[in-house]
Amino acid sequence: ALNFSSAAFTNLRGSHSNSITKIRPAFLSKSESSRLYMSSESGDEYDFDYLVIGAGSGGIASGRRAATYGAKVGVIEKGRLGGTCVNVGCVPKKVMWNAASIAETLHDMKHYGFSGYDSEALSFDWSFIKENRDKYIVRLNGIYERNMANSGVQSILGTASLADGGKGVVVTPDDGSDPVTYKAKHVLIATGGYPTFPAGEGIREHSISSDGFFELEDLPTKAVVVGAGYIAVELAGVLQALGTDSSLVVRKGKALREFDEILADTLDDEMQRQGINIFRDTNGVQKIELDESTGLKTVFLNNGEKIDDVDTVLMATGRSPLVEPLNLGGAGVEQKDGGYIVTNDYSETNVEGIYALGDVCGNIELTPMAIAAGRRLADRLFGGPEHKGAKVSYENVATVVFSHPPIGTIGLTDEQAKEKYGEDNVKIYRSKFANLYYGPWQVEADDKPKTAMKLVCAGEEETVVGLHVIGMGADEMLQGFGIAMKMGATKADFDACVAIHPTASEEFVTMFPWGLSKQATGAKVSPLNGAETTEPQLVN
C-alpha cells in the first residue's frame, strides 16, 4: 500500500478556491458544441493537443509553455497544484531551514556583543511558523492555479491512468463519479515520486516520512532521522538547530557518501559539532516499538544498538516514482529497475506520443531540471522547425543541499574525474577556512565552523569539471559558478576573474597557486591577460 501524506495530496475542494470543479470542461471556449476537435495534420480527433498527467513544477511548466504556441493543453492532478516541491519539498523545507538559520544566528549573537539569548524574552513557537508556512503554501497553490488559467491551460481534477494500448487517458474523480476518457495527440507523464518506508516491525506504523515532517504540530523533543541522503541531513539539521535532541542513523560510515569527500567529511564534522548524534554502520533500522503508556518509541538498529525515549522517528531512506495508478503495463510503456519510466534524451518513452520527465524517470531529481526538461519538450513538440532538436542537458547540473551548513556542488567528484580522465590528467585545488563571520569569536580555531572548497580540473588546459563547497553562503554562491562551468571555464578563467573581497566565494578565484595554470580559456571571447571586454552585436 502506498503511504501518501495528506499534506501531499490534500484535495483542492474546500481549500483556497471554491471555483474548482471535479472535472472541468475540456474547453471553456472554442468548439463548445463538441468536446473533440479535428487534428489538422492527421485527421484524428482529440480533446487536447497536449495532456499532462501531474501538476507539479515540471508538468505545469511544460503545459504552460505549450499553450504559448497555441496548443490546447490540459493538466490532470488529484491534489494541490505544485507537486512535491511546493507542498512538501523545496519550498516548505527552505522556510524551516530559514527558521533554523535564525536560531543559529541568535545562538551566535553573544560573539558580537548582543546579550539576552538565555533570557525568557527569546522563545520559539513551532505552531506559529507552521501556520504561516502553510498559509504561504496555499497562496502558492493559488498562484499556480491562476497562472495556468491565464495561460489557457485547462485543469482537470482526478486520478489519471493510461488507457490500454496508450490510446487515451482515463480520469477517475475522487468522489466516485464515472471516469472520463480524454484523447490527446501528446501525453506527458510528470507524476513525480513519493517517500518510501523500509521493511521492519513497527516501522511504517511508528514513523513518519519527509511528507509527515510538514504535518508535525509540535517541535519534537527527541527525534531520530533515518537516512544518509540530502533529505535526512537537511531535516536533522533543522530539528537540531530548533532545539530537538536529534540523532541521525546511517547504514554505513557517514551521510552523503555519493558526494565529494570534502563535502561529506566536513558536514560530518559540523553535524557532530552541532550536537547531532550519528549512529554509524547500523545497516538500518530493525524495528520500532511503541510504549503505549508514554507514547514514546524505542528504535532498534540492525547492529544491536537502540535509541530510547523517542517521540518522532523520521524515515528518509528513499523515494519511488509515482507510477502505480498509471497502467503503464497496459499501455506498453517500458520501465526500469525501481519502476522508473525509460526515456531517451528527448523525454520520449517507447510508446509514440507518450513522454515522461522529472522524478518519475529517476534521472536528476531536481525541480529546476524537470521545469527545463518540460519547457524544452513543449518547444520541440509545438514550437516549430527552429526547435525541432530542443532538449536539455543532464550534465553539470548545479545543486544545493540545505544542510547546516549548506552545500553547493556541480560536476564530478575528484574520484569520478580520476576514473573518467585518469589520475595523471586531474588536478585538485582545495581550501578550508573559517568564514570571516567567525573572526571575532574568542574561541579556539578548531572550534569555529569551517568552509571547505574544492576545484576539480582536468586536462592540459585544466578545464573545471567539478566544483564543491560547504559553508556559510554556499547556497547563494553556486549559481554563477554553475554558468561558468557550463561554458567550459578553466582554472585560468577562474583566476582571471578579480576577487570580491571580503567574501567566501573569492576563494574559488584565488585558489593556490593563483595565476600559474596554463593560460587556456574555455570562453568564446578570452578574458585572459587583460583582454578587452567583448561588445554585444547590435541589430542596427
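In this predicted model, Glu-234 and Lys-93 form a salt bridge, with 2.9 Å between the closest N and O atoms. Glu-234 belongs to helix H7 (residues 230-242) and Lys-93 to helix H3, so the contact ties together parts that are 141 residues apart in sequence. Both Glu-234 and Lys-93 are buried. The count of salt bridges comes to 19.

A second buried ion pair joins Lys-454 and Asp-414. Their closest N and O atoms are likewise 2.9 Å apart. This pair also links distant parts of the chain. Lys-454 sits in strand S23 (residues 451-458), Asp-414 in helix H11 (residues 414-421), and 40 residues separate them. Lys-454 and Asp-414 belong to a network of salt bridges that also takes in Asp-260, Glu-261 and Arg-430.

The salt bridge between Arg-376 and Asp-379 is local to one helix. Its N to O distance is 2.6 Å. Both residues lie in helix H10 (residues 367-382), three residues apart, or about one turn of the helix. The two partners differ in exposure. Arg-376 has 33% relative accessibility and so counts as partly exposed. Asp-379 has 0% and therefore counts as buried.

Aromatic contacts were examined next. The structure holds eleven aromatic pairs. In one of them, the ring centres of Phe-48 and Tyr-182 are 5.9 Å apart and the planes meet at 50 degrees, so the pair is tilted. Phe-48 lies in strand S3 (residues 48-53) and Tyr-182 in strand S8, 134 residues apart, and the pair links distant parts of the chain. Phe-48 is buried, with a relative accessible area of 1%. Tyr-182 is buried as well, at 2%.

Strand S3 also contributes Tyr-50, whose partner Phe-382 lies in helix H10, so this pair ties together parts that are 332 residues apart in sequence. The ring centres of Tyr-50 and Phe-382 are 5.2 Å apart and their planes stand at 65 degrees, so the pair is edge-to-face. Both Tyr-50 and Phe-382 are buried. Helix H10 thus holds Phe-382 along with the salt-bridged residues Arg-376 and Asp-379. Elsewhere, ring pairs link Tyr-112, Tyr-437, Tyr-438 and Trp-441 into a cluster.

Tyr-182 leads to a sheet. Three strands form an open sheet in the order S6-S7-S8, with antiparallel pairing. Strand S6 (159-162) and strand S8 (180-182) are the edge strands, and each pairs on one side only. Neighbouring strands of this sheet are turned against each other by 30 degrees on average, direction ignored. Strand S7 (residues 169-172) is joined to S8 by three bridges. Val-169 has Tyr-182 as its bridge partner in S8. Tyr-182 thus takes part in a bridge to Val-169 and in the ring pair with Phe-48.

A nonpolar patch was found on the surface. The patch is formed by Ile-102, Leu-106, Tyr-117 and Leu-122. Together these residues have about 320 Å² of accessible area. Leu-122 is placed in the loop between helix H3 (90-108) and helix H4 (126-150). With a relative accessible area of 32%, Leu-122 is partly exposed. Helix H3, which precedes this loop, also carries Lys-93, the partner of Glu-234 in helix H7.

Definitions and conventions:
Residues numbered from 1 in each chain as written. Predicted model: local features only at pLDDT ≥ 70, side-chain atom pairs only at ≥ 80, totals over all residues. Heavy atoms only, no water. Patch = residues over 30% accessible without salt bridge, like charges linked within 9 Å, V, L, I, M, F, W, Y side chains within 5 Å. Areas by Shrake-Rupley, 256 points an atom, 1.4 Å probe, with all protein chains shown as cover. Salt bridge = Lys/Arg side-chain N within 4 Å of Asp/Glu carboxyl O. Helix = DSSP H or I, 4+ residues; strand = E, 2+ residues; numbered from the N terminus. Buried < 20%, exposed > 50% of the residue type's maximum accessible area, 1.4 Å probe, protein only. Pairing = 2+ DSSP bridges. Axes fitted to C-alpha atoms, helices over the stretch in contact; angles between N-to-C directions. Phe/Tyr/Trp six-rings, centres within 6.5 Å; stacked < 30°, edge-to-face > 60°.
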